[in-house]
There are 2 protein chains.
Amino acid sequence: MKTLLKNLTILTMLNDSFFLGDIGIEDKKIAFVGSNPSFKADITYDMSGKVALPGLVNGHTHLAMTLLRNYKDTQPTLQAWLNEIFPIENKLTDKEIYIGSLAGLAELIKSGCTTYTDMYFNADQTIKASLEAGVRSVQGLTFFGDGIEAKRRIRENYPKMQKAIGSSDLVRTDAAVHSIYTCTKECYQIAQQWAKDNNTMVNTHLSETFKEVEDSIKDFSLTPVKYLESLHFFDTPSYLAHGVFIQDEELAILKEHNVSIIHNPSSNCKLASGIAPIAKYKLNGLNIALGTDGASSNNNLSLLKEMNLANLISTVTTKNPMALTPYEVLKMATINGAKALKLDDKIGTLESGKEADITILDLDRVNTTPVNNPFSAIVFSADTSNVDTVFCQGRCLLSGGKLKTLDEKEIVKNLKTAVNKVINL
Amino acid sequence: MKTLLKNLTILTMLNDSFFLGDIGIEDKKIAFVGSNPSFKADITYDMSGKVALPGLVNGHTHLAMTLLRNYKDTQPTLQAWLNEIFPIENKLTDKEIYIGSLAGLAELIKSGCTTYTDMYFNADQTIKASLEAGVRSVQGLTFFGDGIEAKRRIRENYPKMQKAIGSSDLVRTDAAVHSIYTCTKECYQIAQQWAKDNNTMVNTHLSETFKEVEDSIKDFSLTPVKYLESLHFFDTPSYLAHGVFIQDEELAILKEHNVSIIHNPSSNCKLASGIAPIAKYKLNGLNIALGTDGASSNNNLSLLKEMNLANLISTVTTKNPMALTPYEVLKMATINGAKALKLDDKIGTLESGKEADITILDLDRVNTTPVNNPFSAIVFSADTSNVDTVFCQGRCLLSGGKLKTLDEKEIVKNLKTAVNKVINL
């Protein structure tokens with residue numbers, strides 16, 4: 001199957017330039033980028049006025065938390081909010097996790113995302129939804145608690161995840177350890193050993209709040225990064241979500257071990273955690289990617305919004321509009337995300353031979369005209385109303401803004417029913 | 001002409017509650033809110049699953065600057081950017097101002113805005129576009145320079161504006177004085193006298209950057225608010241755009257004179273100006289409204305985005321999620337905007353007798369489901385893709401997300417032509 005996308009403005013994300021050209025897709029892969037008159041397509045789309053970029057990579061989310069979007073979310077403290085959330089989460093079954101994940105996937109596709117990393121429980125349900133949607137993912141075998149619980153999850157949850165994945169090459173399983181304040185040293189060590197044995201990566205929430213840093217010093221006599229280093233956590237390829245309060249001397253440790261930071265600006269602002277100084281981290285040579293966090297602490301899953309916010313809060317806090325340019329921000333949401341997940345051999349740029357994960361925006365709209373500079377237009381002007389077409393591994397998931405693999409009305413209906421059920425249980 | 005909107009979730013913005021009900025529109029006005037079985041409608045819309053709120057009020061913009069959206073906007077300094085912008089602005093004629101304004105109006109309607117305040121030159125062209133679009137506005141008779149220039153503008157520009165307004169009651173003209181660093185004392189005094197004579201309001205950019213405050217102290221031996229007070233500026237009803245660096249002792253002056261602040265968070269972040277501490281201003285009893293600023297320093301005109309950003313940056317800088325709740329933010333974009341412009345007798349809430357400026361959002365979408373709390377859903381989850389229907393003064397400007405008074409394709413085409421012409425002149 002050969003598909004030809006004609007007359008696009010193409011942002012390969014190999015550099016900060018762009019050009020007019022065509023893209024050929026053959027089965028799962030990009031056959032060419034630019035021009036190839038000998039390419040005989042089965043289907044040809046005229047994409048005049050539209051812009052192609054690599055499918056966006058959401059480095060950190062909890063998809064099924066779409067169930068709790070906008071639920072009692074304005075609370076005086078994080079703890080007060082968690083006190084509302086936890087009792088509801090305890091009532092969730094496979095069915096709600098599946099429905100919530102499906103809703104999250106519809107939202108990801110409609111906002112131009114083709115790859116995401118998830119951390120939640122009952123991940124087999126999220127995998128099932130993900131494969132129906134056709135979205136690429138890194139699924140967390142999620143650890144929470146002590147060593148005994150960690151072993152139980154490897155024993156019970158991992159086989160379910162494997163079964164849900166089947167023979168698909170769209171899903172990888174990483175070890176996702178919740179946090180240093182909810183997981184014991186043994187839990188971290190078991191999770192890491194599992195990741196090593198399975199030749200995969202580990203990730204964790206880290207340095208999200210100042211309280212976490214204070215507690216780490218109190219409990220372990222070490223700041224969070226140094227504590228994880230003491231557990232040899234970074235000996236396994238790893239990435240960290242949040243990283244709001246990383247100390248200068250910790251940056252060298254992360255650089256040495258090639259650890260990426262997944263920046264979640266909406267969540268960090270909304271929960272009053274703080275603003276991660278990512279321009280400084282970048283200057284220190286760290287790879288910075290972007291995540292939305294879950295819909296209950298954002299409250300949506302659009303990387304277009306996260307890119308905009310990442311630039312704005314970086315610019316105002318550094319007082320330097322060049323500290324994080326629109327091009328650098330778009331890298332965070334594409335190739336940097338791919339690098340963080342060690343998927344950059346497959347995705348993250350538009351190049352022949354890479355898998356065909358492509359997002360196409362219609363910038364010929366009043367909110368994005370004139371385009372002038374497509375990087376600025378995407379980061380500053382665009383929103384989900386501009387997302388026109390999405391391919392993942394060569395499969396069309398969105399066309400003309402309409403979902404091709406999922407039924408939006410059905411998803412919305414089922415989500416409402418599921419939410420009403422669990423809230424009123 | 002009687003229109004009935006049925007089965008809405010209604011946010012009147014009279015308080016922080018909401019309810020299911022109907023809204024009746026009779027000619028220009030709201031006939032009832034809630035239920036009225038005896039209302040005999042000419043047209044009835046079933047709005048099940050949709051949410052009605054007062055039409056959004058954009059307290060500060062420069063509509064025609066849509067022409068320069070995304071144009072060389074990532075520059076190391078504000079001055080470097082202005083050096084790129086000014087030569088282009090000098091080439092603009094009536095035709096480009098009209099086309100740029102029309103594009104801005106299309107974007108305002110598509111993002112749920114029904115009233116805006118503009119400050120730009122050739123305002124008669126913006127008025128012409130505005131009346132075609134059917135959007136309510138407060139147009140600045142804009143002052144820039146010295147006293148001689150101020151008199152020239154009253155003599156030459158104001159009659160053109162009056163002619164463009166004709167008999168319409170959708171437009172009011174205020175005196176809009178650019179800034180204390182571009183306008184002389186005489187200019188401010190002439191503008192204010194004109195506003196007094198015409199029984200209208202004055203507005204100006206103030207305390208936008210720290211440099212402006214420093215220069216004010218150097219040049220006038222007074223901080224900006226005190227300098228304007230020394231000119232008796234606040235004796236005429238007034239409002240200020242930006243107000244990022246208002247000192248504590250200045251807040252009392254503004255409170256005493258009932259001066260509103262128009263907060264422009266995207267622009268203030270993007271231009272690295274700073275974050276206005278609006279939660280503190282609010283605690284001091286000031287009325288805070290919201291603006292997008294022009295599209296070249298934002299780079300769009302969506303108050304939905306501004307509401308989201310206003311909450312996020314307030315929450316993270318105050319470390320208090322309750323400092324500016326979603327309800328308070330939605331007030332900023334509705335009734336507070338109406339109060340700032342002294343239009344709250346006509347608009348800003350949904351009440352019978354007020355003019356029918358109504359924005360209807362479709363929250364039955366994957367990005368906003370579950371709604372749980374409509375204030376959270378609007379401020380945190382929604383974007384322009386959720387804007388379904390817009391009425392201004394009882395006239396339908398948007399239906400099912402489609403513009404009714406303007407032709408989007410034609411506007412985009414004309415805008416591109418105009419921009420290419422002026423950039424390449």
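Two residues count as in contact here if their C-beta atoms, placed from the backbone, lie within 7 Å. By that rule, the contact between the two chains takes 54 residues from chain A and 54 residues from chain B. The model is predicted.

**The interface**

Several helices of chain A each supply at least two residues of the side that touches chain B. They are helix 2 (94-110), helix 9 (265-270), helix 11 (303-318), helix 14 (374-381) and helix 15 (408-424). Which helix of chain A gives the most to the side that touches chain B? Helix 15 of chain A does, with six residues. By class, this side of chain A has 23 nonpolar, 20 polar and 11 charged residues.

**Symmetry**

Two copies of a chain are related by a rotation about an axis and a shift along it. In this model, a rotation of 180° superposes chain A on chain B, with 0.0 Å of shift along the axis. The RMSD is 0.0 Å. That is the relation of a two-fold axis. In chain A, the C-alpha of A:Ser385 is the nearest to the axis, 2.5 Å from it. Both copies use the same surface: 100% of the contact residues of chain A recur in chain B.

**The parallel sheet of chain B**

Eight strands of chain B form an open sheet with parallel pairing. Their order is 6-7-8-9-10-11-12-13. Strand 6 (56-61) and strand 13 (288-290) of chain B stand at the edges. Each has a single partner strand, so one side of each is left without a neighbour in the sheet. From one strand to the next, the twist averages 25°.

At one edge, strand 6 of chain B pairs with strand 7 (residues 113-118) of chain B over four bridges, in the parallel sense. B:Val57 has B:Thr115 in strand 7 of chain B as its bridge partner.

Two helices of chain B pack on the sheet. Helix 3 (residues 123-133) of chain B touches strand 7, strand 8 (136-143) and strand 9 (171-177) of chain B. The direction of helix 3 makes about 175° with that of strand 8 of chain B. Helix 4 (residues 147-165) of chain B touches strand 8 and strand 9 of chain B. The direction of helix 4 makes about 160° with that of strand 8 of chain B.

**A helix pair in chain A**

Helix 4 (residues 147-165) of chain A packs against helix 5 (residues 185-197) of chain A at an angle of about 30°, with the axes 7 Å apart. Angles under 35 degrees count as roughly parallel, and that makes helix 4 of chain A roughly parallel to helix 5 of chain A. The crossing is right-handed. Helix 4 of chain A brings A:Gly147, A:Ala150, A:Lys151 and A:Ile154 to the contact. Helix 5 of chain A brings A:Glu186, A:Cys187, A:Ile190, A:Ala191 and A:Trp194. By class, this contact has six nonpolar, one polar and two charged residues.

**Two hairpins in chain B**

Strand 16 of chain B takes part in both hairpins. Each hairpin has two residues between its strands.

| Strands of chain B | Antiparallel bridges | Opposed residues | Positive phi |
|---|---|---|---|
| Strand 15 (residues 387-392) and strand 16 (residues 395-399) | three bridges | B:Cys392 and B:Arg395 | B:Gln393, about 50° |
| Strand 16 and strand 17 (residues 402-403) | two bridges | B:Ser399 and B:Lys402 | B:Gly400, near 60° |

Definitions and conventions
Residues are numbered from 1 along each chain as its sequence is written. Chains are lettered from A and ligands numbered from 1 in the order in which they are written. This is a predicted model: local features need pLDDT of at least 70, side-chain atom pairs count only at pLDDT 80 or more; totals for chains, interfaces and linings use all residues. Two strands pair if DSSP finds at least two bridges between them. Copies are superposed by least squares on the C-alpha atoms of residues with pLDDT of at least 70 in both. Axes are lines fitted to C-alpha atoms, for helices over the stretch in contact, and angles run from 0 to 180 degrees between N-to-C directions. Angles under 35 degrees count as roughly parallel, over 145 as roughly antiparallel, 65 to 115 as roughly perpendicular and the rest as oblique. A crossing is left-handed if the near helix is turned anticlockwise from the far one by less than a right angle, and right-handed if clockwise. Ala, Val, Leu, Ile, Met, Phe, Trp, Tyr, Cys and Pro count as nonpolar, Asp, Glu, Lys and Arg as charged, and the others, Gly among them, as polar.
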